[in-house]
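Here's a quick tour of a protein model, from its overall layout down to its ring pairs. Have the sequence and the coordinates open as you read.

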Amino acid sequence: DKKYDCVCEFIGFTVDQVERDYRLFKDITKQYIYISSASAYQKPAASYIITEGTALANPYWEYSRNKIACEQFLLEKYRAEGFPVTIVRPSHTYDERNVPLAVHG
């Protein structure tokens, strides 16, 4: 009987996981935010400039291919049913113990 302003999925790595989210939240959230990965962008890169129009294709890493498949599933639900999805593709994540890059002089 609950309704949510926003659901944010940080750990959905496979389509079956986001399908479950879709079934659970499709009628009870105003916004679904999916945290994907910048690794989903085309590899090798066609250009050093990355935009929202950059192709998604990474033949080298299964993690990236799974994130692409999750995005495709969610976007299809948006196009077909208006599912309120926003996709974010961070290039680095960190916390108080893990820094994304080592800094070298």
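## Layout

The protein has two helices and three strands, where helices (H or I, at least four residues) and strands (E, at least two) are DSSP runs numbered from the N terminus. Read from the N terminus, the order of elements is β-α-β-α-β. The C-alpha trace spans about 55 × 35 × 20 Å along its principal axes.

A word on the ground rules: this is a predicted model, so local features need pLDDT of at least 70 and side-chain atom pairs count only at pLDDT 80 or more, while totals for chains, interfaces and linings use all residues. Residues are numbered from 1 along each chain as its sequence is written, and side-chain values use heavy atoms, with hydrogens and water left out.

Of the protein's 105 residues, 28% count as buried; buried means under 20% relative accessible area, exposed over 50%, and partly exposed in between (1.4 Å probe, protein chains only). Take the contacts (heavy atoms within 4.5 Å) between residues at least 6 apart in sequence: 62% of them join residues at least 24 apart.

## The core

What makes up the largest nonpolar core? It's a set of 11 residues: V7, V18, Y22, F25, Y32, Y34, C70, F73, L74, F83 and V85. A nonpolar core here is a set of buried Ala, Val, Leu, Ile, Met, Phe, Trp, Tyr and Cys residues joined through side-chain atoms within 4.5 Å. Two or more of the core residues come from each of α1 (15–25), β2 (32–35) and α2 (62–81).

V18 is a handy place to look around. Setting aside neighbours within four places in sequence, V18 is in contact with Y32, Y34, C70, F73 and L74.

## How the helices pack

α1 and α2 pack with their axes 8 Å apart, at an angle of about 30°. That makes α1 roughly parallel to α2, the label for angles under 35 degrees (over 145 is roughly antiparallel, 65 to 115 roughly perpendicular, and the rest oblique). The axes are lines fitted to C-alpha atoms, for helices over the stretch in contact, and angles run from 0 to 180 degrees between N-to-C directions.

Which residues meet across this pair of helices? On the α1 side they are V15, V18, E19 and Y22, and on the α2 side A69, C70, F73, L74, K77 and E81.

## Aromatic pairs

The whole structure holds six aromatic pairs. Rings of Phe, Tyr and Trp (its six-membered ring) pair if their centres lie within 6.5 Å; planes under 30 degrees apart are stacked, over 60 edge-to-face, and the rest tilted. One of the pairs is Y4 with F25, edge-to-face at 6.2 Å centre to centre and 85° between the planes. Y4 sits in the segment before β1 (7–9) and F25 in helix α1, so this pair ties together parts 21 residues apart in sequence. Y4 is partly exposed at 34% relative accessible area, whereas F25 is buried at 18%.

Y22 and F83 also pair: their ring centres are 5.2 Å apart and their planes at 80°, so this one is edge-to-face. Y22 belongs to helix α1 and F83 to the loop between α2 and β3 (85–88), so the parts tied together are 61 residues apart in sequence. Both Y22 and F83 are buried. Y22 and F83 join Y32 and F73 in one aromatic cluster.

## Out in a loop

I50 lies in the loop between β2 and α2. Is I50 buried or partly exposed? I50 counts as partly exposed, at 42% relative accessibility. The C-alpha atoms of I50 and P90 are 12 Å apart, with their positions 40 residues apart along the chain.
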